[in-house]
Amino acid sequence: MLNRVETLSDAEIVRAYLEASMVPDPDGAARYMAPGTPITFTGGRLFDHPSGPSGFNAMRYRWVKKRMERFDVCPAEGETIVYSVGTLYGEWPDGTAFEGNRYVDRFVVRDGLIVKMDVWNDSAERILEQRGIVA
C-alpha cells in the first residue's frame with residue numbers, strides 16, 4: 001500500500017485507482033486507498049475494499065470499462081473532492097454489448113490517499129429497460 005502518493009495529483013490518484021479497478025486488479029487499486037475506505041456502490045451497497053465492487057461487477061456484467069470523460073476537482077480544507085464523470089461500456093452477462101451508460105464517481109482524497117468513494121450509474125435503469133419494465 002502507498003503511504004502517500006506525493007508525485008501524483010489528487011485527480012491522477014483517482015485515475016490510477018480507476019484504471020487498476022478496470023483491469024480488474026482490486027489489490028492494485030487498493031494501493032491508492034486508505035485501509036477500510038468506505039465504498040458506497042450503486043444501490044447503496046457498502047464495501048471496504050475494491051474487491052467488493054469488482055466482485056459485484058463480475059455478477060452484473062460479462063465485462064465493463066469506463067470512458068473517463070472528465071475529472072472535476074474541488075479543493076477543500078484538508079481534503080479534495082474529485083468527481084470522475086463519463087460512461088460505461090461493455091457486455092451484459094448474456095453477451096449483449098452496451099455503451100453510453102452514464103456514471104459519476106465521487107472520491108474524497110486526503111493526504112495522498114482515497115478515503116471515501118461513492119458510485120452512481122444507469123445500469124439498473126438499463127436492466128429494467130431490457131426487461132420491458134417502465135419505472
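1. Asp111 has a positive phi near 55°, and its place is the hairpin of β5 and β6, where two residues lie between the strands. This note concerns a predicted model, and the phi value should be read as belonging to that model.

2. The two strands of this hairpin are β5, residues 97–110, and β6, residues 113–121. They run antiparallel and are joined by eight bridges. One of the pairings puts Val108 together with Lys116, its bridge partner in β6.

3. Strand β6 also pairs with β1, which covers residues 39–41. Here the strands run parallel, and two bridges join them. Ile39 is found opposite Met117 of β6. Strand β6 thus has an antiparallel link to β5 and a parallel link to β1.

4. For the protein as a whole, the secondary structure amounts to six strands and four helices. Their order along the sequence is α-α-β-β-α-β-β-β-β-α. The radius of gyration is 15 Å, close to the 14 Å that the globule rule gives for 135 residues, so the protein is as compact as a globular protein of that length.

5. The C-alpha trace spans about 50 × 25 × 25 Å along the principal axes of the protein. Of its 135 residues, 42% count as buried. Taking contacts between residues at least 6 apart in sequence, 51% join residues that are at least 24 apart.

6. On the surface, the accessible area of the protein is about 7400 Å². Carbon and sulfur atoms account for 50% of that area. As for charge, the protein has 16 positive and 20 negative charges, and the mean positions of the two sets are 4 Å apart.

7. Ser123 deserves a separate point. This residue lies in helix α4, which covers residues 123–130. Is Ser123 buried or exposed? With a relative accessible area of 0%, against a cut-off of under 20% for buried, Ser123 is buried.

8. The surroundings of Ser123 can be listed by residue. Its neighbours within four places in sequence set aside, Ser123 is in contact with Arg60, Tyr61, Leu88, Trp92 and Asn101. Of these partners, Asn101 falls within the residue range of strand β5, the strand that pairs with β6 in the hairpin of point 1.

Conventions: Residues numbered from 1 in each chain as written. Predicted model: local features only at pLDDT ≥ 70, side-chain atom pairs only at ≥ 80, totals over all residues. Heavy atoms only, no water. Pairing = 2+ DSSP bridges. Rg over C-alpha atoms; globule rule 2.2 N^0.38 Å. Buried < 20%, exposed > 50% of the residue type's maximum accessible area, 1.4 Å probe, protein only. Contact = heavy atoms within 4.5 Å. Areas by Shrake-Rupley, 256 points an atom, 1.4 Å probe, with all protein chains shown as cover. Lys, Arg positive; Asp, Glu negative; His and termini not counted. Charge placed at Lys NZ, Arg CZ, Asp CG, Glu CD.
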